[in-house]
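This report concerns charged side chains and their pairing. The sequence and the structure are shown first, and the discussion follows.

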Amino acid sequence: MGVLFPTFLAGAAAAALPVVLHLLRRWPRRPVVFPSLRFLSASSRRIESLWQKLKRWLVLLLRCAAFALVAVAFARPFRSGQLVRQSRAVVVVVDNSFSLQAAGRWDLLRAWAVARVGKLEPGDRLGVLLMAPLPAWLVPVTTQTDRPLAELKALGPGWLTAKAEPALRLAAETLEGLPADRREIVLLGDHQRLSWTGADFTRPLPPGIQVDFPDPPAEPARQAALGAPALRPGADGLVASVPVRNFTGPQKRILRVYRDGAAQPLREENLELGRNEARTVVINLPGGEHPARFRFSLDPDDLAADDTAYAVWRPGADGTLLLDPAPAGAEADFVRIALESAAGLKPSLKLAPVPAGEWPSESIAILRNDASFGGGSGLRLNAYLASGGAALVFATGGPAQREWLKAHGLPLTPLASRPGDWEVRDWALADPLVAELGQRRIGVLLGWTFSRGWSFPADAAEPLAHWTDQAAAIGEARIGGGRLVLCGFAPERSGGDWPVMPAFVPFLHQTAAYLFRSRQDALASDQAGRPVTLGAESGKWRAVDGPEAGHAPLDADGSAVPMAPGVYQFTHGGESRFFAINLSPDESDPASWSGGTPWKGLVSTRPPPPPKASREKLAAADAEQQAPLWWWAIAAAGLLILTEMALANRTSR
């Protein structure tokens, strides 16, 4: 037997109090002879005196025992053997990524995990930890093991990507602090190469943590996946570009296109995919004048989760450019002249003034006037970028612009005066925008010189070109849900001859087209598990196509996090917007880790450290909760007190 609070046993010393009182009663008294007792025999008086002495000693013992039992009850005794029985703590780490939706894989691994958990005794602990999108407890570790077992048996795979190592380390840290002789992790996972990529196999888990790893499952025999489709206007409607990748041997597939949730396909394409082939299928679709949502589906294979992709088309977003007024004192509006001269180029870009009210997030803004960054216009610009807008900004050095950029982590620094001009150099040729500018003639990127300009730190944005190694001249940054291309120079002759160079018109047109395509792609390629920016409005968010379709709408304010692919509708007031959500393309690769079983090295071979006092205390507290004895002590003390009262009551003689 053990006790939880042994210091309370010192209270048993209170049992000395009745002894002291008993001894005080033995002080000499003056005898008084009652006449009525003279006729009792001496023997009778002796028997009566012995009985009274015996009762007094018995009452004394009962009082002392009652005090001692109360002290024992406060010490919270328990059966120490219970500590040995509640010595098992188990955490099931669940890979809830969509690769486990492969035919038969989830049911097989879940049954294996339940079998590894086995029979749990009273006092054992069990928890269920999910890997994706970040490690999170489905059911925290608890002694009430029925609930986590029921949740595990009812759980299904998700739609996200997962990493194994962070979840395993969180589970191990949790188990390390629990009072159990056996601490176990059961990994419900498929050992996909993606889930182990980046894991540090050289750093083992804490000593004493055992891990049960399943064998890698058989890889699917037939697996192909669709990427996020991109839509753009074509000559007679829309043009859809659908990435398709085959991860197994040659196979024939059928790609069907559905519009607005229709049961019958709008288009069908027969595909012959070579071994491990990746290609983009281009499909011409009718329409384009009205909003539309599309579902692209392959006939199912062994992993059907990624055989469907979604896209949304929003008319009116076909290249509308919001252009602010030229700065006061400019000799000419070179930007407007250049864009108007490029009106016949593809894609077609239409000019419109920056509105006085809300800026439409589907458009692209080109800003060079200091007034566009201050006051109400600056607030509208913030809201525009927060809702996913994109802007091309030319630095002019105005106070409002510099303050706005600094607030968003892009501080401007004027270039120092020097005899020669500053040259834009060190272009990031791998960047899509720079590659597009230089794909026809690399000379377009040469000879950009300026007599004055502004730089910003190279680590404040993704540099596209530099003034010096540390100072960026052109960069791309994400602000809120939007995208910003910042040029550290003004489109004016006062700063250099760039506005009259051959590169001026191509740069403006290609950058605007790039931002437009990026915005359109973002509408079609938001990813499950990531926040979708809705703006500052509050409204209703619901799935209209995909696995979550038919569920009740949810309240949304500013953003939403879709956990499954599909088309979602956000309704605010009388307006509705659709968002296409697709899966991560990386998770579609079913390949298991091929370099042996390095995850077994995560299990430490060192013996566990000796129990700490705090851990022993936790174990004792848990055992006391499972097998308490204090109430027996209280009951016994109460029974003794009642017996003592009966014996000490002189009227009962």
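A residue is called buried when its relative accessible area is under 20%, exposed when that value is over 50%, and partly exposed in between. By this cut-off R105, at 6% relative accessibility, counts as buried. The model is a predicted one.

**Salt bridges**

Side chains of opposite charge can pair when their charged atoms come close. In this model, 25 salt bridges are present. Three of them are listed here, with the N to O distance of each pair.

| Acidic residue | Basic residue | N to O distance |
|---|---|---|
| D190 | R105 | 3.0 Å |
| D299 | R222 | 3.3 Å |
| D324 | R368 | 2.8 Å |

The side chains of D190 and R105 meet in a salt bridge. Because D190 lies in the loop between strand 6 (182–188) and helix 7 (193–196), while R105 belongs to helix 4 (residues 105–117), this pair ties together parts that are 85 residues apart in sequence. D190 has 0% relative accessibility and therefore counts as buried, and R105 is buried too, at 6%.

A salt bridge also joins D299 to R222. The pair links distant parts of the chain, 77 residues apart: D299 is found in the loop between strand 14 (292–298) and strand 15 (308–313), and R222 in the loop between strand 7 (209–212) and strand 8 (224–226). D299 is buried, with 18% relative accessibility, whereas R222 is partly exposed at 28%.

For D324 and R368, the closest approach of N to O is 2.8 Å. D324 sits in the loop between strand 16 (320–323) and helix 8 (334–341), and R368 in the loop between strand 18 (364–367) and helix 9 (375–386); these distant parts of the chain are 44 residues apart. Both residues, D324 and R368, are buried. Elsewhere, salt bridges with shared partners join R222, R253, D299, D301 and D307 into one network.

**The surroundings of E476**

E476 is located in strand 25 (residues 471–479). Its relative accessible area is 9%, so E476 is buried. Which side chains make polar contacts with that of E476? One is the side chain of R483, at 2.6 Å; another is the side chain of Y514, at 3.1 Å. When neighbours within four places in sequence are left aside, the residues in contact with E476 are D431, A461, E462, L464, R483, L484, V485 and Y514.

Notes:
Residues numbered from 1 in each chain as written. Predicted model: local features only at pLDDT ≥ 70, side-chain atom pairs only at ≥ 80, totals over all residues. Heavy atoms only, no water. Salt bridge = Lys/Arg side-chain N within 4 Å of Asp/Glu carboxyl O. Helix = DSSP H or I, 4+ residues; strand = E, 2+ residues; numbered from the N terminus. Buried < 20%, exposed > 50% of the residue type's maximum accessible area, 1.4 Å probe, protein only. Polar contact = N/O pair within 3.5 Å; in protein donor to acceptor, adjacent residues only side chain to side chain. Contact = heavy atoms within 4.5 Å.
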